[in-house]
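Colleague: I am new to this structure and would be glad of a careful walk through one part of it. Please take your time over the details.

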Amino acid sequence: MWNTVVIPRLLHGIELLDFRRKDIEELEIYQTRVLKQLQSLPENAAFVAVLSLDISEKHPHGDTKCGAVVIKGLNHMPLARQPSKQRSLPAPIGYRPIGQDQHVPRIVILGYVQSRNQSTGTLTSLKRGTGGRSSFSGIVATVFGASGYLGRSVIARLGRNGSQVIIPYRGDNYFVGRMKVCGDLGQIQFIPFESIHDIDQLRKSMMHSNVVINLIGAEYETSAYTFYDVHTKAPETLARIAKEMGVERFIHFSDVNASANPPRKIPKNIGLTLMSISENKKALNETYWTGGSHFLKSKHLGDLAVKNEFPEATIFKPSTIWGHRNDKFIRWYLNEVRQIYGDLPVWERGESTIKQPVYYRDVLEGLMNALYEPASMGRDIACVGPYRYTLRQLLEYIKQVTYDSFRVVELDLAHAVQFKRKANTKIPFLRFDKFERECITDTYSEADMTLEDLGVTLTPVEQRIFYELRHNMNPQYFDKFISKAAMTAEQPERLPPLYKELPSSGAEKKMLP
């Protein structure tokens, strides 16, 4: 019984192993090697030196406390040869008889606790392995908003890199439980918390991390949380607690169009129709109406709050992110909720709106590279695609690729009434602020870093659009898609860049690990 070990497996139930003497000896050798690595000893160091290093207290049963390492049950004498006085004492953990003529196996139970120091990078110095899933990258990241569109991809990317991820979540654990397989066994941990005001749980989720990533956001306001609560107060609280807990890197996601005074595009008569009842009451005040998108304004205030609490924070400002099956760009316009009887109403038919969409994998690659790039600390990073297009050109291109029959028309008062009726049927994302944001041209500051500065090769829309839209194709034209006949779709016209391109004679951008 005492030489039978039960090993739990994540996906394969349990496994019973009957240890032989040879297996126990191999386990002893492995445990000794681990102790040498933890104490930075050479491979040829004696086993006695491993146990006697930094001994602060000696226990009667051979227990040894070595600073932060506690080793129990390391008694190698045969049970029959031990003094009678020692045998009369209760046996320590891991010390159980397996026969009169057999030696007690050297069972090591240890806990390794090491404090983090922002200047020395302690966790990074403990990197192990070749950099894959079963390695340790030196990153222990707490990711807020992991159940969202971009959060799931961030967890998968960190797990593939060998990082340990802590996921604070609200609600039922089944919403985030599937992310446990994104990393190796024990590398994905979950911590429940009630709200952003639960300070104790927030501290608990960051106490062992050296990286905190904030992906919390909301597309619409509710009776419980406004844009100001989600985009301003929440990042401010997380940045303050991260600074208190000694976190080295704080990554915050904002919006490329975040501004203190975002432009107002949709006319007032159409906007009042699209607004909810509570928004209509506020819109009676002319100051509220001329204030622009409150989503973008709250994002801007959140950026200022994060910089105030955590000056070294890195703020990612993505434009419209596309790709994957649940993006909020391509599938937002292809959704039947967004269309009205085959028409796709867009303000000014999208001809005066310029977008620079970015592929979601480019954002993930830029995030991972920024974690290893000290120059990104305290900087704003504009996550934009390689080319700029008018919204009308993008919609017509999507229509050609999917063989859809919708028509891009002008958004007028009649369409606003129809959207209002849909919004009254419990469709929360059909809000005025959403229509307002899609009319705004993507712009960013020339002083901001870009994904190319982080060594990311940007993906054009034309390169991956056929793969991303394969599930949205009209079924009667699916054979044409297989035979690559859809590749003949007329590509959208690329507009000039927002800023003058840098000369190619500059230093080459290096790809970070």
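Colleague: Which residue caps the N-terminal end of α10?

Modeller: Please keep in mind throughout that this is a predicted model. The N-terminal end of α10 is capped by S293, which has a side-chain oxygen 3.3 Å from the backbone nitrogen of F295. The helix itself takes in residues 294-309, and because 16 residues at 1.5 Å a residue should span 22 Å, the 22 Å between its end C-alpha atoms agrees with what is expected. F295, whose backbone nitrogen takes part in the cap, is also among the buried residues of α10, a list that continues with L296, S298, K299, G302, D303, A305 and V306. On the general point, an α-helix has 3.6 residues a turn, so residues three or four places apart point the same way. The buried residues of α10 pack against two helices, α6 and α15 (432-437), and against two strands, β10 and β11 (314-318).

From α10 we can follow those partners outward. Between α6 (227-244) and β10 (249-253) runs a loop that holds M245, and this methionine counts as partly exposed because its relative accessibility is 24%, where buried would require under 20%. Although M245 and M206 are 39 residues apart along the chain, their C-alpha atoms are separated by 6.8 Å.

M206 in turn leads to helix α5 (residues 199-206), in which the buried residues are L202, S205 and M206. Seen down the axis of α5, these buried residues fall within an arc of 90°, so they line one face of the helix. They pack against the strands β6 (140-144), β7 (164-169), β8 (188-192) and β9 (211-214), and also against α6, a helix that the buried residues of α10 pack against as well.

Two of those strands, β7 and β8, are joined by a loop in which Q187 has its place. Q187 counts as buried because its relative accessible area is 16%, and, leaving aside neighbours within four places in sequence, it is in contact with S135, F136, G162, S163, Q164 and V165.

Another loop, between α7 (268-274) and α8 (277-283), contains M275, which is buried, with a relative accessible area of 1%. In sequence M275 and K420 are 145 residues apart, yet from C-alpha to C-alpha the distance is 7.9 Å.

For contrast, you might look at R494, in the segment after α17 (478-482), which is partly exposed at a relative accessible area of 37%. Beyond its neighbours within four places in sequence, R494 is in contact with Y387, R388, Y389, P460 and E462, and with the last of these it makes a polar contact, side chain to side chain, at 3.3 Å. The C-alpha atoms of R494 and P386 are separated by 9.7 Å, with their positions 108 residues apart along the chain.

To set these parts in the whole, the protein has 17 helices and 19 strands, and 45% of its 513 residues are buried. Of the contacts in the protein with a separation of 6 or more, 75% are between residues 24 or more positions apart. The protein exposes about 26800 Å², of which carbon and sulfur atoms supply 53%. Finally, the structure holds 0 disulfides; among its cysteines, C182 counts as buried at 18% relative accessibility, and C383 is likewise buried, at 0%.

Terms used: Residues numbered from 1 in each chain as written. Predicted model: local features only at pLDDT ≥ 70, side-chain atom pairs only at ≥ 80, totals over all residues. Heavy atoms only, no water. Disulfide = S-S within 2.5 Å. Buried < 20%, exposed > 50% of the residue type's maximum accessible area, 1.4 Å probe, protein only. Helix = DSSP H or I, 4+ residues; strand = E, 2+ residues; numbered from the N terminus. Expected span 1.5 Å × (residues − 1). Contact = heavy atoms within 4.5 Å. Polar contact = N/O pair within 3.5 Å; in protein donor to acceptor, adjacent residues only side chain to side chain. Arc of directions from axis to C-beta. Areas by Shrake-Rupley, 256 points an atom, 1.4 Å probe, with all protein chains shown as cover.
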